[in-house]
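Reader: I should like to understand the terms applied to this model and the grounds for each of them. Please set each value against its definition.

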There are 2 protein chains.
Amino acid sequence: MKKDIAPYTALFPHPAVLVSCGSLESPNIITIAWASTACLDPPMVSIAVTPTRYSYNLIMETKDFVVNLPRASDVRKVDLCGSVSGKDVDKFKECSFTPEASTKVSAPRIKECPVNIECYLDKTVHLGSHDLFIGQVASVAIDEEVLMHARPDTDKLNPIIYAQGVYYTFGDIIGTHGFSMGEADSE
Amino acid sequence: MKKDIAPYTALFPHPAVLVSCGSLESPNIITIAWASTACLDPPMVSIAVTPTRYSYNLIMETKDFVVNLPRASDVRKVDLCGSVSGKDVDKFKECSFTPEASTKVSAPRIKECPVNIECYLDKTVHLGSHDLFIGQVASVAIDEEVLMHARPDTDKLNPIIYAQGVYYTFGDIIGTHGFSMGEADSE
């Protein structure tokens with residue numbers, strides 16, 4: 001039996017990523033779970049940000065941002081960057097993160113994050129409590145420690161999953177894209 | 001040392017969800033990984049869909065769709081619904097899924113999925129290879145089997161994570177939202 005629940009944001013899981021913005025001299029970090037890929041070609045990502053957030057205006061000013069993929073071992077810092085405001089706290093300092101110059105955009109990358117996705121702000125979609133920033137990927141930097149065949153190795157990166165207020169690691173592999181077509185006899 | 005990689009859609013993980021569309025009489029399913037929450041109030045979700053996909057026009061016609069959260073045990077069906085076209089295959093039949101009438105929208109829900117998020121199409125954002133459909137949540141149905149405190153229990157639901165072509169289950173809990181603030185002395 002199903003029960004009808006009042007409309008709410010029932011979709012999960014989400015990635016837990018760190019978005020860096022501002023300048024190398026005056027950088028900030030905001031933790032975002034409502035982040036996704038939006039388009040393959042050109043490559044684009046979306047992040048949902050509340051207009052009252054300190055990072056919102058920083059992104060609007062430079063018209064760019066960096067999506068940094070953190071490691072599971074950084075989950076406390078990820079949580080902290082989602083719990084305090086850059087108005088009050090220097091989050092780079094608080095987290096012992098190092099802002100490093102990006103290749104293409106003016107917003108700095110987080111040096112300690114093994115994957116940095118530099119984005120130009122392409123569109124701002126006004127929705128309500130949140131606006132959707134759609135960024136076109138300008139450059140991707142990957143730490144050689146996690147690099148395999150020009151892509152990050154998921155195991156080595158060990159990224160963070162966010163679902164209903166809880167942070168998780170990845171569990172078991174249960175399939176690969178297209179496996180239902182090639183292994184039709186195995187089930 | 002970091003290596004610069006040509007721009008691509010480097011963000012992950014994503015949820016693997018089943019989006020149902022069309023009508024109760026002529027329904028279709030499309031697997032979407034590029035799905036996310038877009039706004040808290042009003043509650044909105046986004047899904048990225050290629051305009052050449054069969055489901056694209058179905059959604060444009062009815063101006064609504066349902067995001068269904070599948071169980072890990074349905075991963076083969078999830079993969080199948082992302083590998084074949086509704087032009088050629090009746091995916092409900094092929095997957096032994098049952099289309100059931102939604103509460104608010106004309107697109108049917110998938111009965112076997114324990115969470116159904118009914119959405120009215122609010123905005124279509126043209127990006128390139130993909131358009132972003134932004135849907136306002138009209139109603140949420142949750143199976144009582146997975147329901148706990150008016151929300152789905154993540155363990156009981158056992159949803160699917162998608163990352164770089166691989167399907168995963170959830171792993172270990174490594175924190176809860178706000179834990180970095182309350183347990184400052186424990187690390």
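Author: Two strands pair if DSSP finds at least two bridges between them. Strands (E, at least two residues) and helices (H or I, at least four residues) are DSSP runs, numbered from the N terminus. This is a predicted model, in which local features need pLDDT of at least 70, side-chain atom pairs count only at pLDDT 80 or more, and totals for chains, interfaces and linings use all residues. Residues are numbered from 1 along each chain as its sequence is written, and chains are lettered from A and ligands numbered from 1 in the order in which they are written.

Reader: What makes strand 1 of chain A and strand 11 of chain B a pair?

Author: Four bridges join strand 1 (residues 2-5) of chain A to strand 11 (residues 131-143) of chain B, and pairing requires at least two. The two strands run antiparallel. Within this pairing, Asp4(A) has Ala141(B) as its bridge partner.

Reader: How do you know that the two copies are related by a two-fold axis?

Author: Chain B superposes on chain A by a rotation of 180° with 0.0 Å of shift along the axis, at an RMSD of 0.0 Å; the fit is by least squares on the C-alpha atoms of residues with pLDDT of at least 70 in both. The copies are therefore related as by a two-fold rotation axis. Both copies use the same surface, since 100% of the contact residues of chain B recur in chain A. In chain B, the residue closest to the rotation axis is Gly171(B), whose C-alpha lies at 1.8 Å.

Reader: How many residues does each chain bring to the contact?

Author: Each of chain B and chain A supplies 80 residues, contact being C-beta atoms, placed from the backbone, within 7 Å. On the side of chain B, strand 15 (residues 166-176) gives the largest share, eleven residues.

Reader: Why is chain A said to agree with a compact globule?

Author: The radius of gyration is taken over C-alpha atoms, and the globule rule is 2.2 Å times the number of residues to the power 0.38. For 187 residues a compact globule would have a value near 16 Å; chain A has 18 Å, which agrees. Its C-alpha trace spans about 60 × 45 × 35 Å along the principal axes.

Reader: How much of chain A is called buried?

Author: Buried residues account for 53% of its 187 residues; a residue is buried if 20 or more other C-beta atoms lie within 10 Å of its own.

Definitions and conventions. A residue is buried if 20 or more other C-beta atoms lie within 10 Å of its own, exposed if 12 or fewer, and partly exposed in between; C-beta atoms are placed from the backbone. Two residues are in contact if their C-beta atoms, placed from the backbone, lie within 7 Å.
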